[in-house]
Amino acid sequence: MLDIHCDDCGRVLIGPGRILSVTAVAEGLRVAYVCPCGRHGSEITGRRRRRARAARPLLTTTA
Ligand SMILES: [Zn+2]
C-alpha cells in the first residue's frame, strides 16, 4: 500500500496494482501510480537507504 496525494481526491491509499513503476532517484523512490479516479501522478517516497540498498533492482509492474 502506498499513501499518495491526488490533486482531485486528496490523500489516497493505493494498492500495488495501481503502481506503474518505482524508480530510484536522489531523493528516494519515485513511484508512478494511477489514482482510483484515473489520474496519473508520481510521488517521491521512502527514505534513502544505504548505498548498497539503493542499487537494488527496480520494481516494475503493469497496471
Ligand atoms: Zn484521484
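Of the 63 residues of the chain, 6% count as buried. The structure is a predicted model, and the residues are numbered from 1 along the chain as its sequence is written.

**Overall layout**

The chain contains one helix and five strands. Reading along the sequence gives the pattern β-β-β-β-β-α, with the helix written after the strands. Contacts can also be sorted by how far apart their residues stand in the sequence. Among those between residues at least 6 apart, 40% join residues at least 24 apart.

**The three-stranded sheet**

Three of the strands make an open sheet in the order β3-β4-β5, and their pairing is antiparallel. Its edge strands are β3, covering residues 19–25, and β5, covering residues 40–45; each of them pairs on one side only. On average, neighbouring strands of this sheet are turned by 20° against each other, direction ignored.

Strand β4 spans residues 28–34 and is joined to β3 by six bridges, the two strands running antiparallel. Within this pairing, Ile-19 has Tyr-33 of β4 as its bridge partner, and Ser-21 stands opposite Ala-32 in β4. The two strands form a hairpin with two residues between β3 and β4.

On the other side of the pairing order, six bridges join β4 to β5, and this pair also runs antiparallel. Here Leu-29 stands opposite Thr-45 in β5. Strands β4 and β5 form a hairpin too, with five residues between them. In that turn, Gly-38 has a positive phi of about 105°.

**Three residues in detail**

Met-1 is found in the segment before β1. Is Met-1 buried or exposed? Met-1 counts as exposed because it has 8 C-beta neighbours inside 10 Å, and the cut-off for exposed is 12 or fewer. Leaving aside residues up to four places away in sequence, Met-1 touches Leu-13 and Gly-15.

Leu-2 lies in strand β1, which runs over residues 2–6. Leu-2 has 17 C-beta neighbours inside 10 Å, so it counts as partly exposed; a residue needs 20 or more to be buried. Which residues does Leu-2 touch, not counting those up to four places away in sequence? They are Ile-14, Ile-19, Val-31, Tyr-33 and Thr-45. Among these contacts of Leu-2 are Ile-19 and Tyr-33, which are bridge partners of each other. Another contact of Leu-2 is Thr-45, the residue of β5 that Leu-29 stands opposite.

Leu-20 has its place in strand β3. With 15 C-beta neighbours inside 10 Å, Leu-20 therefore counts as partly exposed.

**Separations in sequence and in space**

For each of these three residues, the table pairs it with another residue of the chain and lists how far apart the two are along the sequence and in space.

| Pair | Apart in sequence | C-alpha to C-alpha |
|---|---|---|
| Met-1 and Ile-19 | 18 residues | 9.3 Å |
| Leu-2 and Arg-18 | 16 residues | 9.3 Å |
| Leu-20 and Tyr-33 | 13 residues | 5.1 Å |

Two residues in the table also take part in the pairing described above: Ile-19 and Tyr-33 are bridge partners, with Tyr-33 in β4. Tyr-33 also appears with Leu-20, at a C-alpha separation of 5.1 Å, and it is one of the residues that Leu-2 touches.

Notes: This is a predicted model: local features need pLDDT of at least 70, side-chain atom pairs count only at pLDDT 80 or more; totals for chains, interfaces and linings use all residues. Helices (H or I, at least four residues) and strands (E, at least two) are DSSP runs, numbered from the N terminus. Two residues are in contact if their C-beta atoms, placed from the backbone, lie within 7 Å. Two strands pair if DSSP finds at least two bridges between them. Axes are lines fitted to C-alpha atoms, for helices over the stretch in contact, and angles run from 0 to 180 degrees between N-to-C directions.
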